[in-house]
Amino acid sequence: MVGQSILLTFILAAFVVIMAPGPNTIYALTQSIKSGRTAGLVAGFGTATRVMVHTTTAAFGLSALLRTYVISNRKISI
C-alpha cells in the first residue's frame with residue numbers, strides 16, 4: 001500500500017505538471033502578445049487542428065496495424 005506522504009507528493013507533482021503551460025500554449029500566447037488577439041486565436045486553432053489531425057491519423061494507423069496483425073495471425077494458423 002502506498003503511504004500517505006508518497007501519495008500527497010505524487011498528487012502535488014501531477015498538479016504542477018498539468019498546470020504548466022505546454023509549447024502550444026506558449027506559442028499562442030506569444031502570438032497574441034506580438035500580433036494581437038486575432039493572431040493568438042488563429043495560432044490556438046492551428047495548434048488544436050494539428051493535434052486533432054495527428055491523433056486521428058495515429059488512431060487509424062494503430063487500427064490498421066492491429067487489423068493487419070489479426071489477418072496475418074489467421075493466415076498463419078490456417
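In this predicted model, Thr47 sits in helix H3, the run covering residues 37-77. With a relative accessibility of 14%, Thr47 falls under the 20% cut-off and therefore counts as buried. Its side chain finds a polar partner in the backbone oxygen of Gly44, at 3.0 Å. Once the neighbours within four places in sequence are set aside, the residues in contact with Thr47 are Asn24 and Tyr27.

Helix H2, spanning residues 23-35, is home to Gln31. Here too the side chain belongs to a buried residue: Gln31 has a relative accessible area of 18%, and because buried means under 20%, Gln31 makes the cut. Looking past the neighbours within four places in sequence, Gln31 is in contact with Gly36, Ala39, Gly40 and Ala43. For one of these partners, Ala43, there is a C-alpha to C-alpha figure as well: Gln31 and Ala43 are 6.9 Å apart in space, with their positions 12 residues apart in sequence.

Then there is helix H1, made up of residues 4-19, where Ile11 is found. Ile11 has a relative accessible area of 49%; exposed would require over 50%, so Ile11 is classed as partly exposed. Ile11 also contributes to a nonpolar surface patch of about 530 Å², together with Val2, Ile6, Leu7 and Phe10.

How values were computed:
Residues numbered from 1 in each chain as written. Predicted model: local features only at pLDDT ≥ 70, side-chain atom pairs only at ≥ 80, totals over all residues. Heavy atoms only, no water. Helix = DSSP H or I, 4+ residues; strand = E, 2+ residues; numbered from the N terminus. Buried < 20%, exposed > 50% of the residue type's maximum accessible area, 1.4 Å probe, protein only. Polar contact = N/O pair within 3.5 Å; in protein donor to acceptor, adjacent residues only side chain to side chain. Contact = heavy atoms within 4.5 Å. Patch = residues over 30% accessible without salt bridge, like charges linked within 9 Å, V, L, I, M, F, W, Y side chains within 5 Å. Areas by Shrake-Rupley, 256 points an atom, 1.4 Å probe, with all protein chains shown as cover. Salt bridge = Lys/Arg side-chain N within 4 Å of Asp/Glu carboxyl O.
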